[in-house]
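Colleague: Before I use this model at the bench, I would like to know what stands behind its labels. Please go through them with me.

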Amino acid sequence: MGNLNKEIRDGDHPDITEERLKSTFDTHKMAAQIYNSQRAADRRNEITSAVLKIPELQDIKPLPFLSREEKVEEAARKIGILSEHLYDLVNVNDGAELYHLNNVVIGGEGNPLALHGVMFIPVLQAQATDEQKKKWLYRAMKREIIGTYAQTEMGHGSNLRKLETTATYDKATEEFVLNSPTTTSMKWWPGNLGKSTNYAVVVATLIINEKDYGPHSFMVQLRDENTHKPLPNIEVGDIGPKMAYNATDNGFLKLNHLRIPRTNMLMKHVKVEKDGTYIKPPHAKMSYSAMVHVRAHMNNTMAYFLASSLTIAVRYSSIRRQGHINPKEPEVKVLEYQTQQHRLFPHIARAYAFSFAGAETVRLYEKVKKDMESGETELMADLHALTSGLKSVVTYLTMQGIEQARQSCGGHGYSMASYISEIYGIAIGGCTYEGENMVMLLQLARYLMKAAKAVKEGKKVEGLVGYLSAPDNRHSLIDRTPEKSYDTYLKTFEHIARQQIFRAFDKLEKMLTSGLPHSEAWNKCSVELTRASRLHTRLFIAQAFARRVHDVVDFHIKEALDDLLHLHLNYELLDVASYALEDGHLCGEQMNFIRSELYRSLGKIRPNAVSYVDAWELSDMELRSVLGRRDGHVYENLYKWAQNSSLNRTDVLPVFEKYLKPLMMSARKNSKL
Ligand SMILES: CCCCCCCCCCCCCCCCCCCCC/C=C/C(=O)SCCNC(=O)CCNC(=O)[C@H](O)C(C)(C)COP(=O)(O)OP(=O)(O)OC[C@H]1O[C@@H](n2cnc3c(N)ncnc32)[C@H](O)[C@@H]1OP(=O)(O)O
Ligand SMILES: Cc1cc2nc3c(=O)[nH]c(=O)nc-3n(C[C@H](O)[C@H](O)[C@H](O)COP(=O)(O)OP(=O)(O)OC[C@H]3O[C@@H](n4cnc5c(N)ncnc54)[C@H](O)[C@@H]3O)c2cc1C
């Protein structure tokens with residue numbers, strides 16, 4: 001039998017090899033859990049190997065040394081080369097393969113086709129008629145045209161019903177007139193809108209006979225297909241540098257009474273007839289499908305960002321030696337410190353949990369998408385509630401985890417050589433895009449309040465909120481849990497979520513009964529409501545993790561995942577335990593039990609720590625991190641990396657002659673006086 005950890009190679013740093021030799025599970029089999037099948041895990045590695053053989057696809061230099069213009073150019077250059085090799089490298093119908101190819105070759109900072117693949121094509125697939133698909137979708141798929149999704153405006157992103165861009169139907173010419181009447185009505189933020197795309201699905205408020213029908217989607221050609229010059233009545237450009245994503249040209253767009261044919265409104269589910277008759281869709285929110293598409297996939301992209309930063313931090317922590325635990329022994333790997341383990345391991349568990357919750361979400365999304373094809377919309381509310389909560393909780397916890405990973409690398413974590421700060425910048429965009437987190441938590445809260453009302457009225461609720469109708473124990477039985485049975489843990493999470501949901505519900509009801517208008521009462525309860533949404537979502541994540549562990553067949557993988565799950569449940573429970581202490585569901589003694597289980601878990605995870613992150617099989621090319629190198633040879637490569645700094649091109653910079661020398665000369669002269 002070969003090594004269980006598949007990353008072991010001759011010549012690696014002995015400290016990291018020592019870690020890998022301790023693995024109790026086959027990291028490639030674990031990758032099959034993370035990526036949902038052995039075939040998917042194999043394909044990732046095959047794609048990486050194939051990419052490594054194409055010299056033009058390698059980074060010209062480490063990305064942090066590139067200017068914004070160079071980043072945009074470099075991403076576009078690689079997209080050009082990729083299109084020559086695309087069919088040899090991936091199955092173009094497999095989103096996971098495309099995403100992996102993107103991460104290896106280009107990375108997370110963006111590329112000219114990002115929004116084209118993530119939103120433009122999906123919105124056409126979901127909302128275009130067959131005729132419209134023939135006109136635009138197939139051309140888009142062949143990349144004859146490049147598009148984006150232009151919804152957010154300078155003045156409005158969250159509140160879609162107040163978008164100021166109008167699409168007014170002109171019956172006489174059978175056209176829509178698209179107009180941005182104010183500065184704040186300009187589209188502002190859409191990815192790749194600024195410079196790369198020549199088409200966009202523009203979301204605008206539909207007006208027919210002066211009646212407002214709310215946001216609808218319209219296909220708009222922005223630029224000439226040959227010259228790429230903006231078409232008449234269109235002003236378009238880049239919004240400038242951002243915290244991260246700087247290879248992406250997020251853009252602005254001003255439409256000046258632009259006329260487009262009636263048939264440019266996406267009309268699969270909703271229609272405007274020639275005479276201006278409006279035919280409403282089977283469900284009012286069907287046109288929000290592109291957002292739901294991205295939200296449903298965000299658990300996995302966030303899991304990936306979190307796992308990337310943890311891979312960097314855990315590998316580095318296994319070669320970084322500093323300080324002593326036993327003064328008679330050599331300096332220890334910083335990974336030996338319990339504080340370091342507590343800082344990193346719970347986030348490893350979260351990355352796995354998000355990936356498993358993500359797989360369940362994508363399954364539900366695929367079902368709802370299929371149902372919608374035939375006008376069936378029953379599960380749309382469930383999916384919206386689930387993705388709204390997960391999107392918010394997962395992005396927020398990912399942000400926390402990445403920042404802990406950065407701090408755990410000490411000073412070198414702050415250097416771009418770690419690349420963690422870039423991953424952080426990219427990932428935290430997710431707290432805002434696809435619905436600001438608080439706004440989306442409040443969407444889930446609407447769903448939870450409806451369920452709570454039903455339960456109060458004596459009705460039985462099922463599915464994601466089924467636990468609200470289930471019997472509850474007054475006191476948690478957590479310290480009477482047999483090993484490897486997590487039922488009592490999950491019951492405690494259920495109790496906590498249930499209590500908070502009803503607390504928020506009762507508060508809201510009381511205010512409504514006192515005569516407060518609904519929107520005001522809602523606002524006064526909104527902190528409690530968002531707490532309810534978070535707790536409900538964290539319960540779902542824990543349940544999804546437990547369901548996956550339950551289903552695993554391979555003994556060693558199951559055991560390793562079980563250890564992570566145990567850590568996860570104890571850590572997460574401690575994080576939310578105050579809710580259960582308040583009503584005596586948990587007592588002080590049980591808190592001690594949870595804490596000691598948590599510390600025991602850290603020790604259990606420790607020998608496999610490097611293997612848990614190696615199992616994500618993130619290559620050096622995609623990690624782009626000196627600290628996270630697979631071979632552990634960090635120090636000599638940090639020095640090499642610094643040689644890329646343009647400041648090192650000469651020994652003496654012009655600023656010396658210009659500013660520093662006069663400053664020092666004058667100081668010296670003054671001190672002689
Ligand atoms: C050459 C080839 C090379 C190939 C190489 C590879 C290249 C490529 C590709 C691959 C990979 C690249 C990877 C790159 C990754 C990059 C990722 C980053 C992308 C980031 C993109 C970001 C995009 C955006 O941000 S788009 C804009 C998003 N905006 C929002 O999310 C706005 C948020 N607001 C809202 O959604 C709404 O306003 C909302 C929901 C808050 C309120 O809506 P409303 O209509 O005003 O609400 P209301 O009338 O009050 O009704 C509420 C009611 O409606 C229900 N509801 C709402 N939404 C939905 C829904 N979607 N489904 C079902 N029901 C819904 C809601 O539940 C309420 O119901 P009730 O309670 O019953 O009333
Ligand atoms: C990296 C990135 C990429 C993006 N890409 C795209 C894209 O491709 N296409 C596109 O169309 N857009 C895109 N966006 C825009 C993005 O979708 C919006 O910025 C986002 O939906 C938030 O809306 P907002 O900016 O209006 O925030 P605001 O709503 O102005 O948020 C400001 C504050 O107000 C609070 N708030 C607002 N409404 C409520 C409420 N009802 N209740 C309680 N609190 C509230 C929020 O919680 C927040 O704290 C992108 C944004 C980013 C950062």
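Modeller: A nonpolar core here is a set of buried Ala, Val, Leu, Ile, Met, Phe, Trp, Tyr and Cys residues joined through C-beta atoms within 7 Å. Keep in mind that this is a predicted model.

Colleague: Which residues have the most contacts inside the largest nonpolar core?

Modeller: Leu310, Ile348 and Leu564 do, in a core of 181 residues. The element that gives the most to this core is α8, with 18 residues. Leu564 touches Ile348, Ala349, Tyr352, Ile605 and Tyr612, once residues up to four places away in sequence are set aside.

Colleague: Why is Gly191 called buried or exposed?

Modeller: A residue counts as buried if 20 or more other C-beta atoms lie within 10 Å of its own. Gly191 has 26 other C-beta atoms within 10 Å, so it is buried. Gly191 lies in the loop between β4 (187–188) and β5 (199–208). Outside its neighbours within four places in sequence, Gly191 is in contact with Gly110, Ala114, Leu115, Thr148, Thr248 and Asn250.

Colleague: And what class does Thr152 fall into, by its C-beta atoms within 10 Å?

Modeller: Buried needs 20 or more, exposed 12 or fewer, and partly exposed is in between. Thr152 has 18 other C-beta atoms within 10 Å, so it is partly exposed. Thr152 sits in the loop between β1 and β2 (166–170). With neighbours within four places in sequence left aside, its contacts are Gly157, Lys187, Trp188, Trp189 and Pro190.

Colleague: Which residues does UniProt give as "binding site"?

Modeller: The unreviewed UniProt entry places that feature at Thr152 and Gly191. They span 40 residues in sequence, yet no two of their C-alpha atoms are more than 10.6 Å apart, so they gather at one spot.

Colleague: What makes you say where ligand 2 lies relative to domain 2 and domain 3?

Modeller: Domain 2 (147–281) and domain 3 (290–464 + 490–613) both give residues to the shell around ligand 2, so the ligand lies between them. That shell has 21 residues, and the closest are Gln151, Thr152, Gly157, Ser158 and Met438. Two or more residues each come from β1 (147–150) and α13; α13 has the largest share, three residues. By class the shell around ligand 2 has ten nonpolar, ten polar and one charged residues.

Colleague: How many residues are around ligand 1, and which come nearest?

Modeller: There are 37, with Ser83, Gly117, His384, Tyr433 and Gly435 nearest. The shell around ligand 1 divides into 19 nonpolar, 13 polar and five charged residues. At least two residues each come from α4 (68–89), α5 (95–105), α6 (114–127), α8 (289–319), α10 (380–408) and α13 (437–456).

Colleague: How do you know that domain 1 and domain 2 touch, and how many residues does each give to the contact?

Modeller: Two residues are in contact if their C-beta atoms lie within 7 Å. The contact takes seven residues from domain 1 and eight residues from domain 2. On the side of domain 1 that touches domain 2, two residues are nonpolar, two polar and three charged.

Colleague: Where does UniProt put "domain: Acyl-coenzyme A oxidase N-terminal"?

Modeller: The unreviewed entry has it cover residues 26–146. That span is 68% helix and 0% strand, and its end C-alpha atoms lie 42 Å apart.

Key
Residues numbered from 1 in each chain as written. Chains lettered and ligands numbered in written order. Predicted model: local features only at pLDDT ≥ 70, side-chain atom pairs only at ≥ 80, totals over all residues. Near = placed C-beta within 6 Å. Helix = DSSP H or I, 4+ residues; strand = E, 2+ residues; numbered from the N terminus. Nonpolar A, V, L, I, M, F, W, Y, C, P; charged D, E, K, R; others polar. UniProt positions renumbered as here; feature names shortened; annotations may be inferred. Domains from an automatic or database assignment.
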